[in-house]
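Work through the exercises below with the sequence and the structure in view. Each task is followed by a solution in steps.

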Amino acid sequence: MKPSEHLEEIENFKSAYIKKIEEVSGEYLSESSLLNQYEALAELVMDKIASQWAKTRSQYDEIPHKRVYLFSIEFLIGRLLKSYVNSLDMEETVKTAMAELGLDYETILSQETDPGLGNGGLGRLMACFLESSATLGLPFHGNGIHYKHGLFEQKIINGEQVEVADNWLRHGYPFEIRKPNEAVIVKFYGNLHSEKINGVLTFVYEDYEPILAVPYDIPLKGYHNNTVNSLRLWSAEPIEEFDLPSFNEGQFLDAVRHKSEAEAITQILYPNDNKFDGKQLRLKQEYFFVCAGLKRMITRFKRYNNDCLDEFADKICIHINDTHPALCGPEMMRIFMDEEGLSWDDAWKITVNSLTFTNHTVLPEALEKWPVDMMKFLLPRIYMIIEEINRQFQEELRSKSGLNELQINSLSIIQDGQINMANLAIVCCHSVNGVAELHSKILKEETFNGYYKLFPERFHSVTNGVTPRRFLINSNTGLRDLITESIGTDWLNNLFDLEKLMTFKNDAPFFDRFNRIKLDNKIHLANYINAHNHISVNPESIFDIQVKRIHEYKRQLLNALQILHLYNHLKANPHIEIVPRTFIFAGKAAQGYYFAKEVIKLINAIANLVNNDKDIRDQIKVVFLANFNVTLGEIIYPAANISEQISTAGKEASGTGNMKFMMNGAITLGTMDGANIEIHEAVGDNNILTFGLSSDEVSHFEKHGGYSSVQIYENDHRIQKIMHQLIDGTFGHLASFQSVYDSLLLYNDTYFVLKDFDSYATAQHHINELFKDKNKWFEMSLSNVAYSGLFSSDRAILEYQKNIWKTL
Ligand code: TH1
């Protein structure tokens, strides 16, 4: 663009904005509130996107490609305004226009809510996939739930987590469009009986409870292209506002009851990450968005294909994200048979050929198993179909597989009065994949070994990825600009190009800039910490960061205990000088997860002890940042020196935070678990710190015993000391961590915290030495950025396209 054109664009933008302000607020710019200033900008940007959105839709209809529909119970999309502006390539224009109008762009951006429609990695991964697909120009749409309340907001009060209800829709949401014309009805409960209608045996479903599903669409804009895909989120509403007959008869409460029971379905996101808790309302949610999403999609397909379903599986792929949408299988069967009149066999072929499934965890407590009675009561027809799927599957095994009854039973979808949703998903889908190499290997060799032996061709692996637009380009602009100045712009379209950065490993001016950028990012985070936690931290210290959900298997406890040990070490040796270190934690614990909340309490208790001890001379600081979410992550990842990825080996399916840190030049301190293994492979031995048991060793101990945490305790004075401190009043008379103590010693330390303590502490000490060598550290950090290309979600999506969805 010529400079004169740019000036014109800025002027046009300014006048459009001034007009928009008046529209949204009925006031002049000078009188308008920050919220109105944000809304005006959001609407202006939305106007630009809407025209591209309509165009993308019609282009997809003109040139029919195979479409992918992604069903997920979580989509953790993060704030969108900045992403939209940058993807439209309007950053300069908007920034300049705002400045010339006397407005602060960053402050306006910070008015946006961060929709917490997911718990953690699983939901965020889906958002990265949507962004990558739009950027790659692929027809790919999301289907999920329009929760009225997303994940709770976390406050830390007196060192403990306090949950506050989220209300992301408080001021309305400018990026969604409600589509009441596309609402559908979802049916629950009721009775089934069979009847001969015109000589054909038909199932009649009566006395069900109908609920209205209303879609809200959010545009997903590709980076620097014209593609805009959709994320469709379904909201539950009563069919009629009030049940009029009851209302008229004066049964006011009954009338209102129907309304609130309907709305309850999409009222709240379940706050559990990696844990199944078996509530009926959750099963309702699962069926609700599956049923609504499929119905709309199939209706649309028929409209464009002369009412014929023959080519359905060639033109559509339905991807189910973990087992939460696994009812897609039986629901498709129901629609194809009961509504479209297909035979079982024809319906089954289309169903299996269009469905694919990703598993995200092997933790037994996360695997979904619904009681048969609950399924039968809530979804009688669906239950009947599941039973038949299972019956036919078992018949086939009897006739073809040569398995004995015991083996056949172990593969049953229905076991001990429960429906095993992973088994249902594997049987109904033609592809199953894990999310990192080790995880996929565990699926094949352990978790789903019986199925793997039956259908080896169904099993795949696609390592997760994250979008470099959100997690590097838009959130670490200093590094973005340095990279572009050094290697040009090709990397923006192909992240593997970052490898060219290695030519700068001996370049002094590059070294200075690179370090300066990291320091600036750390100062930015230090200011945030100061403002929110009133703790002053040294930006020159090592920023050692663990941010993720609080979970026993993720072992924030190991990190905390090591800090306590380091503190003891400094107290005992007052003249020791270490490289100053700032340990930063953030993450939410599920409301009902007592142990995880105790860990938060312990971290805050350690912070209190360490930060206020004069003997420590500010050599270590500990910070727990409240309310970790996507927005906070975008400040944290660019500021990290050390990325803590310390799960018990074999437990973290992949991890994606590890990739966000790496892209921003942090060095991983990790176990050989999940995608850490591939990060290790990508950067080489010298540019990562690994420690601890391997997953084989962990599973050996789990199967055959032979680990005694008490024995470790008895032989290690450091551990004895910290264990005593948990219960001896170190943290004040009222603060005792008996349950933590017991889990480690009385219950033999399920997650091998004490077992890995020594090698973790050694690795931590090594960091202290490495950081002193500025050249070495720079090369390590640069290597992490340079070899992060593999961890772009663009790469992951291309692999899905090629190997799973066959859309390439
Ligand atoms: C996470 C996994 O724990 C993590 O390792 C992985 O990187 C991420 O998914 C994306 O693949 C999971 N989150 C959940 C959440 C629920 C149930 C299962 C999982 S697995 C509610």
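Two strands are said to pair if DSSP finds at least two bridges between them. The model used in these exercises is a predicted one.

**Exercise 1. A small sheet**

Task: Find the order of the strands in the open sheet of 3 strands, and state which strands stand at its edges.

Solution.
- Step 1. Strand S14 and strand S15 (residues 418-420) are joined by 2 bridges and run antiparallel.
- Step 2. One bridge can be located by residue: Gln 415 has Gln 418 in S15 as its bridge partner.
- Step 3. The order across the open sheet is S13-S15-S14, and the pairing is antiparallel.
- Step 4. Strand S13 (369-371) and strand S14 (414-415) each have a single partner strand, so they are the edges, and one side of each has no neighbour in the sheet.

**Exercise 2. Strand S21 and its partners**

Task: Name the strands that pair with S21, and decide whether the residues on its two faces are buried or exposed.

Solution.
- Step 1. Strand S18 (residues 542-547) pairs with S21 in the parallel sense, over 2 bridges. Here Asp 544 has Ile 642 of S21 as its bridge partner.
- Step 2. Strand S22 (residues 667-670) also pairs with S21 in the parallel sense, over 4 bridges. Opposite Ile 642 stands Ile 667 of S22.
- Step 3. On one face of S21 (residues 642-645) are Ile 642 and Glu 644, and on the other are Ser 643 and Gln 645. These residues are all buried, and both faces are covered.

**Exercise 3. Helix H2**

Task: Compare the span of helix H2 with the expected span, then list its buried residues and what covers them.

Solution.
- Step 1. H2 (residues 34-62) has 29 residues. From first C-alpha to last it reaches 42 Å, close to the 42 Å expected at 1.5 Å a residue.
- Step 2. The buried residues of H2 are Asn 36, Gln 37, Tyr 38, Glu 39, Ala 40, Leu 41, Ala 42, Leu 44, Val 45, Trp 53 and Thr 56.
- Step 3. Their cover includes helices H1 (3-25), H3 (81-87) and H5 (105-109), and it also includes strands S9 (209-221) and S10 (228-237).

**Exercise 4. The setting of Ile 185**

Task: Is Ile 185 buried or exposed, or does it fall in between?

Solution.
- Step 1. Ile 185 belongs to strand S6 (residues 184-188).
- Step 2. A residue is buried with 20 or more other C-beta atoms within 10 Å and exposed with 12 or fewer. Ile 185 has 13 such neighbours inside 10 Å, so it counts as partly exposed.
- Step 3. Leaving out residues up to four places away in sequence, Ile 185 touches Pro 210 and Leu 212.
- Step 4. Pro 238 is 53 residues from Ile 185 in sequence, and their C-alpha atoms are 9.9 Å apart.

**Exercise 5. Two domains and a ligand**

Task: Describe the contact of domain 1 with domain 2, and state where the ligand lies.

Solution.
- Step 1. The chain is divided into domain 1 (64-79 + 114-464) and domain 2 (470-791). Their centres are 35 Å apart, taken over C-alpha atoms.
- Step 2. Domain 1 gives 38 residues to the contact and domain 2 gives 33 residues.
- Step 3. On the domain 1 side, helix H6 (121-135), strand S3 (153-157), strand S4 (160-164) and helix H17 (437-447) each supply at least two residues. That side has 11 nonpolar, 16 polar and 11 charged residues.
- Step 4. The ligand is surrounded by 20 residues, the closest being Gly 121, Leu 122, His 360, Thr 361 and Ser 654. By class, this shell has 5 nonpolar, 12 polar and 3 charged residues.
- Step 5. Both domain 1 and domain 2 give residues to the shell, so the ligand lies between them.

Terms used: Residues numbered from 1 in each chain as written. Predicted model: local features only at pLDDT ≥ 70, side-chain atom pairs only at ≥ 80, totals over all residues. Domains from an automatic or database assignment. Contact = placed C-beta atoms within 7 Å. Nonpolar A, V, L, I, M, F, W, Y, C, P; charged D, E, K, R; others polar. Expected span 1.5 Å × (residues − 1). Near = placed C-beta within 6 Å.
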